[in-house]
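Dear colleague,

I am handing over the structure we spoke about, and I would be glad if you could look through it with my notes beside you. The sequence and the coordinates come first, and what I found follows below.

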Amino acid sequence: MSVVMAGVPRSAAGRWRRIDPLLPDPKRSADAGCNAELTVPAANGLAAAVGWCRHREVEPEAAELAWGAAAAQFWLTPLVAGDPADPATGAALDELLVRWRAHLAAQAGAAGEDSQAAVRWPSRDIGGVRALLRHGLQPLTVIAARPAGRAGPDAAPVPGGLRIRPAGPGDVAAVIALTMEVIRFDQHFGSVLLRPHAERAHRLEAEQSLGLPEPWTWLAERDGRAVGLLAAQPPDRAGWIAPATSQRPVAYLGTLSVLPDERGSGVGTALVAGLHRVLDAAGVAVTLLHHGQLNPLSAPFWSRMGYRPLWTNWEIRPARALR
């Protein structure tokens, strides 16, 4: 990075701290891809914004692809200098997106139908929202956070007739059935596609995770029937998402699923309350999860559970549709 550009990450770090103390210090992504650096200098010669493009090619049979992530992914990591209230924020991000669009036009994978262009933007940074919308990006997914001690359903009673127990190797079929229920529901909201290999990929994942000494997976049963599922990752398995926040240690809540005829009966609340007790006992500082921004059930539920938006993933598919 040039001397002229060096001040942008420092300014962005201060900006993020003022916006949201749970945000980490910004840094350049080390992920695979071209890692091209895009810059937007301000009128005084100092950079107003800098961004890096990273590329990912997802394996055709990967479980991640079963959730709907495009096979060819192009992510922009944008850093904008200045104060959160500065109206120049949107202008700098807008110009950065113009330069990213030109960069993507030269990338062969961006022309494919199964491709996406995506930007992860701090949820509380309202200064960039209009620029993201102008370029056709949609807020499809949220990374939500619950700091330890944040109000939630920790004392929620288990509904009558419901049994919650740890899942084990003999529960693969129940776990898969409830996982597929989530995918089928979430595909209505744009961030998830039901791929042909989804069930096979998630079965393999379930077999591996349920074979661990502590799977961190629980089932809710009524009259012997599995009606709810919660699957999480403790800090030693959640390192992949830990850089999304400044706090440590980090846990990840991967799946919460409740059968349609049991929604609203307290099953999901009881599962989450049980997990929170485990998290508190383990000394977890913050728990992260993904949920669909457009899912009308997700945001209200997770807010009641003590989670709030940290990052928003803005996407457009295919990548060439970026305006």
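How many of the nine residues of strand 3 (residues 72–80) are buried? Before I answer, please keep in mind that this is a predicted model, and that every value below was computed from it.

The strands in the middle of my notes

Nine of the nine residues of strand 3 are buried, so this strand is largely enclosed by the rest of the structure. In a regular strand the side chains alternate between the two faces of the sheet. In strand 3 itself, Ala 72, Phe 74, Leu 76, Pro 78 and Val 80 point one way, while Gln 73, Trp 75, Thr 77 and Leu 79 point the other way, and the residues of both sets are buried.

Strand 3 pairs with strand 4 (residues 115–122) in the parallel sense, and five bridges join the two. Within this pairing, Phe 74 stands opposite Ala 117 of strand 4, and Leu 76 has Val 119 of strand 4 as its bridge partner. Strand 4 is also largely enclosed by the rest of the structure, because seven of its eight residues are buried. Strand 4 pairs in addition with strand 11 (308–316), here in the antiparallel sense and over six bridges. Val 119, already named as the partner of Leu 76, has Trp 314 as its bridge partner in strand 11.

Leu 76 also appears in the surroundings of Leu 38, a residue of strand 1 (residues 36–41). Leu 38 is buried, with a relative accessible area of 11%, and, when its neighbours within four places in sequence are left aside, Leu 38 is in contact with Ala 49, Val 50, Gly 51, Leu 76, Leu 96, Arg 99, Trp 100 and His 103. To give a sense of distance, the C-alpha atoms of Leu 38 and Asp 114 are 24 Å apart in space, and the two residues are 76 apart in sequence.

Two helices in contact

Two packed helices are described by the angle between their axes and the distance between the axes. For helix 5 (residues 172–186) and helix 6 (residues 198–210), the axes come within 9 Å and cross at roughly 135 degrees, which makes helix 5 oblique to helix 6. The crossing of helix 5 and helix 6 is right-handed. On the side of helix 5, the contact is made by Val 172, Val 175, Ile 176, Thr 179, Met 180 and Ile 183, and on the side of helix 6 by Ala 198, Glu 199, His 202, Arg 203, Ala 206, Glu 207 and Leu 210. Sorted by character, the residues of this contact comprise eight nonpolar, two polar and three charged.

Backbone details in the loops

Two residues other than glycine have a positive phi, and you may wish to look at them in turn. Trp 216, in the loop between helix 6 and strand 7 (217–222), has a phi of about 55 degrees and is buried, with a relative accessible area of 9%. Asp 223, in the loop between strand 7 and strand 8, has a phi near 55 degrees, but Asp 223 is exposed, with a relative accessible area of 78%.

There are also cis peptide bonds to report. The bond from Arg 248 to Pro 249 is cis, with omega near -5 degrees, and Pro 249 lies in the loop between strand 8 (225–233) and strand 9 (250–258). The bond from Arg 317 to Pro 318 is likewise cis, with omega near -10 degrees, and Pro 318 lies in the segment after strand 11.

Two buried threonines

Thr 245 belongs to the loop between strand 8 and strand 9 and is buried, with a relative accessible area of 1%. Not counting residues up to four places away in sequence, Thr 245 touches Leu 22, Pro 24, Val 250, Val 286, Leu 288 and Leu 310. Thr 255, by contrast, sits in strand 9 and is buried with a relative accessible area of 12%. Counted in that way, Thr 255 touches Trp 67, Val 182, Leu 229, Leu 230 and Ala 231.

With best regards

Conventions
Residues are numbered from 1 along each chain as its sequence is written. This is a predicted model: local features need pLDDT of at least 70, side-chain atom pairs count only at pLDDT 80 or more; totals for chains, interfaces and linings use all residues. Side-chain values use heavy atoms; hydrogens and water are left out. Helices (H or I, at least four residues) and strands (E, at least two) are DSSP runs, numbered from the N terminus. Buried means under 20% relative accessible area, exposed over 50%, partly exposed in between (1.4 Å probe, protein chains only). Contact means heavy atoms within 4.5 Å. Axes are lines fitted to C-alpha atoms, for helices over the stretch in contact, and angles run from 0 to 180 degrees between N-to-C directions. Angles under 35 degrees count as roughly parallel, over 145 as roughly antiparallel, 65 to 115 as roughly perpendicular and the rest as oblique. A crossing is left-handed if the near helix is turned anticlockwise from the far one by less than a right angle, and right-handed if clockwise. Ala, Val, Leu, Ile, Met, Phe, Trp, Tyr, Cys and Pro count as nonpolar, Asp, Glu, Lys and Arg as charged, and the others, Gly among them, as polar. Two strands pair if DSSP finds at least two bridges between them.
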